[in-house]
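Visitor: Could you walk me through the charged pairs in this one? I'd like the cut-offs along the way.

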Amino acid sequence: MTGKSRVRQPGDREVAPGRLALVQSFVNSLNVEFGPDEFATVEGFTRWLGEYGPPGAASEVTEADRRRAVELREALRALLRENNGGEPDPAARAAVERVAAQLPLVLGFDATGLPGLRPVHDGARGLMAQVLGIVVEAAGEGTWQRLKSCHDHRCEWAFYDRARNRSGRWCSMAVCGTRSKMTVYRQGLKAAAANG
């Protein structure tokens, strides 16, 4: 990965390891709190594919590809909320399965002769299939559960939890963690005043 994969993450966190960094970048193509949404237009999605995708991924991108990418991204974000203690989201799981049905993977071999799942399609569809393949691979390795959506609903930045006990809740303790704790504190003051 190039470009934004090296951008400093909130709280000076490191990006997710290996190929999981692509999934993290895919989900973080929308900054929920401040914008922008890199998938808001075909042109924006094409730029993102040019930066993160394999050679040729940005060719002939359609509006249907863009809509499919947005649906997949938001379903993955919901699954990352589950990874951070959120309630199970059957609609998100169904959306991932629906999109995955359009993005088949097949057995293929890399340059060293190792087998793995490879996208059937090229371009945007191939990149999205690759994202799904990485999710499955990461789940088997035990790293998927460490990729989380920030617990602050205003943020929801995808971050990789490197804590030994997987206790990370916020992308940045200094920003989102503090903000969340202040919200709880203020609610406590209001409740005390109402009961006082």
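Visitor: Is Arg73 buried or exposed?

Guide: Let's start with the cut-offs: buried is under 20% relative accessible area, exposed is over 50%, and partly exposed lies in between, with a 1.4 Å probe and protein chains only. Bear in mind that this is a predicted model, where local features need pLDDT of at least 70, side-chain atom pairs count only at pLDDT 80 or more, and totals for chains, interfaces and linings use all residues. Residues are numbered from 1 along each chain as its sequence is written, and side-chain values use heavy atoms, leaving out hydrogens and water. Arg73 has a relative accessibility of 1%, so the label is buried.

Visitor: Which side chain does Arg73 meet in a salt bridge?

Guide: A salt bridge here means a side-chain nitrogen of Lys or Arg within 4 Å of a carboxyl oxygen of Asp or Glu. The partner of Arg73 sits at 2.6 Å, N to O, and that partner is partly exposed at 31% relative accessibility. It's Glu74.

Visitor: Which residues are linked with Arg73 and Glu74 in a network of salt bridges?

Guide: The pair isn't on its own, since Arg73 and Glu74 belong to a salt-bridge network. The other members are Asp37 and Arg77.

Visitor: How many residues apart are Glu156 and Arg81?

Guide: Their side chains form a salt bridge at 3.1 Å, N to O. Glu156 is in the loop between strand S3 (147-149) and strand S4 (158-160), while Arg81 is in helix H3 (residues 63-83); helices (H or I, at least four residues) and strands (E, at least two) are DSSP runs, numbered from the N terminus. Glu156 is buried at 12%, whereas Arg81 is partly exposed at 31%. The pair links distant parts of the chain, and the separation is 75 residues.

Visitor: Where is Glu137, the salt-bridge partner of Arg19?

Guide: The closest N and O atoms of Arg19 and Glu137 are 3.2 Å apart. The two are 118 residues apart, with Arg19 in the segment before helix H1 (20-27) and Glu137 in helix H5 (residues 123-141). Both ends are partly exposed, Arg19 at 38% and Glu137 at 33%. So the place you asked about, for this residue at 33%, is helix H5.

Visitor: How many salt bridges does a search of the whole structure find?

Guide: The pairs we've been through include Arg19 with Glu137 and Glu156 with Arg81. Searching the whole structure gives a total of 13.
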